[in-house]
Amino acid sequence: MSRLVYVLNGPNLNLLGKRQPHIYGHETLADVEVACVALAAELGLSVRFHQSNREYEIIDWIHEAREVAGAIVINPAAFTHTSVAILDALNAFEGLVYEVHISNVHKREEFRHHSFVSGRADGVIAGFGTEGYLLALRRVGSQLPV
Ligand code: CA2
């Protein structure tokens with residue numbers, strides 16, 4: 001099983017650190033990428049880190065991951081609550097899937113309480129800020145064979 005991990009980010013996460021810091025914190029997505037790449041190196045993982053505002057691009061990366069990756073860490077952002085297409089793509093991926101949310105979606109509006117992706121995810125992290133990505137990577141590191 002490959003120790004390559006796709007870290008995928010959904011719509012508007014390119015604004016991380018630039019708006020709504022009371023909800024999503026001060027770190028930018030570029031900061032998160034740097035932290036993920038550094039931790040991955042420590043854990044003997046490699047990372048491909050992507051963000052898109054377009055659902056089809058996220059689906060295409062999931063398809064790509066099927067061929068090369070052992071795990072996907074995904075923050076689908078608003079697509080979490082709407083996208084059967086992302087769920088279907090993840091169901092066609094055989095490796096580990098961890099779902100990450102920066103905020104605690106269960107403490108927020110009712111429409112954020114349901115996730116299509118959780119029906120496939122092997123684990124879900126919500127409300128740990130951007131540290132959630134690193135926690136998910138640590139779990140990938142301990143779950144994938146060396
Ligand atoms: O808490 C999370 O990580 C979310 O996936 C973030 C999504 C939201 O729709 C989910 O319900 C929970 C929103 C991402 C938008 O990110 C922004 C970051 C900074 C400023 C504006 C938007």
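This short talk covers the ligand site of a structure and then several individual residues.

Good morning. Please bear in mind throughout that the model is a predicted one.

I begin with the ligand. Its surroundings consist of 17 residues, and the closest of these are Asn75, His81, Ile102, Ser103 and Arg112. Sorted by class, that shell contains nine nonpolar residues, six polar residues and two charged residues. The ligand occupies the space of the largest pocket.

Which polar atoms lie within reach of the ligand's oxygen atoms? In the side chain of histidine 81, an N or O atom is 2.7 Å from an oxygen atom of the ligand. Arginine 112 also takes part through its side chain, where an N or O atom is 2.9 Å from a ligand oxygen. With alanine 78 the partner is a polar backbone atom, and the distance to an oxygen atom of the ligand is 3.5 Å. As for coverage, the ligand on its own has 510 Å² of accessible area, and the protein covers 94% of it.

I turn now to the loop between β1 and α1. Strand β1 spans 4-9 and helix α1 spans 21-24, and asparagine 12 is placed in the loop between them. Asparagine 12 is not a glycine, yet its phi is positive, at about 75°. Is asparagine 12 buried or exposed? Its relative accessible area is 51%, so asparagine 12 counts as exposed, the cut-off for that class being over 50%.

Glutamine 20 belongs to the loop between β1 and α1 as well. Its phi is near 45°, again a positive value in a residue other than glycine. The relative accessibility of glutamine 20 is 41%, and it is therefore classed as partly exposed.

Glycine 10 is a further residue of the loop between β1 and α1. Here the relative accessible area is 0%, so glycine 10 is buried. How far apart in space are glycine 10 and glutamine 51? Their C-alpha atoms are 5.8 Å apart, although 41 residues separate the two in sequence.

The next loop lies between β2, residues 46-51, and α3, residues 55-68, and serine 52 is found there. Serine 52 has a relative accessibility of 2% and is therefore buried, since buried means under 20%. What does the side chain of serine 52 reach? It comes to 2.9 Å from the backbone nitrogen of arginine 54.

I close with two residues placed in helices. Helix α4 covers residues 84-91 and includes isoleucine 86. Isoleucine 86 is at 0% relative accessibility, so it counts as buried. Between isoleucine 86 and leucine 15 there are 21 Å in space, taken from C-alpha to C-alpha, and the two are 71 residues apart in sequence.

Glycine 141 is in helix α5, which runs over residues 131-143. Its relative accessible area is 16%, and glycine 141 is therefore buried too. Glutamine 51 returns here as a reference point: glycine 141 is 90 residues from it in sequence and 22 Å from it in space, C-alpha to C-alpha.

To recapitulate, the ligand takes up the space of the largest pocket, and the protein covers 94% of the ligand's accessible area. In the loop between β1 and α1, asparagine 12 is exposed, glutamine 20 is partly exposed and glycine 10 is buried. Thank you for your attention.

Note on methods:
Residues are numbered from 1 along each chain as its sequence is written. This is a predicted model: local features need pLDDT of at least 70, side-chain atom pairs count only at pLDDT 80 or more; totals for chains, interfaces and linings use all residues. Side-chain values use heavy atoms; hydrogens and water are left out. A residue is near a molecule or strand if one of its heavy atoms lies within 4 Å of it. A polar contact is a pair of N or O atoms within 3.5 Å; within protein, one must be able to donate a hydrogen and the other to accept it, and residues adjacent in sequence count only if both atoms are side-chain atoms. Accessible areas come from the Shrake-Rupley method with a 1.4 Å probe; for residues, only the protein chains shown count as cover. On a 1 Å grid over the protein atoms alone, a cavity is a set of points where a 1.4 Å probe fits but cannot get out, and a pocket is an open set with protein on both sides within 12 Å along at least five of seven lines; lining residues have an atom within 4 Å of a point. A molecule sits in a cavity or pocket if more than half of its atoms lie within 2 Å of its grid points. Ala, Val, Leu, Ile, Met, Phe, Trp, Tyr, Cys and Pro count as nonpolar, Asp, Glu, Lys and Arg as charged, and the others, Gly among them, as polar. Helices (H or I, at least four residues) and strands (E, at least two) are DSSP runs, numbered from the N terminus. Buried means under 20% relative accessible area, exposed over 50%, partly exposed in between (1.4 Å probe, protein chains only).
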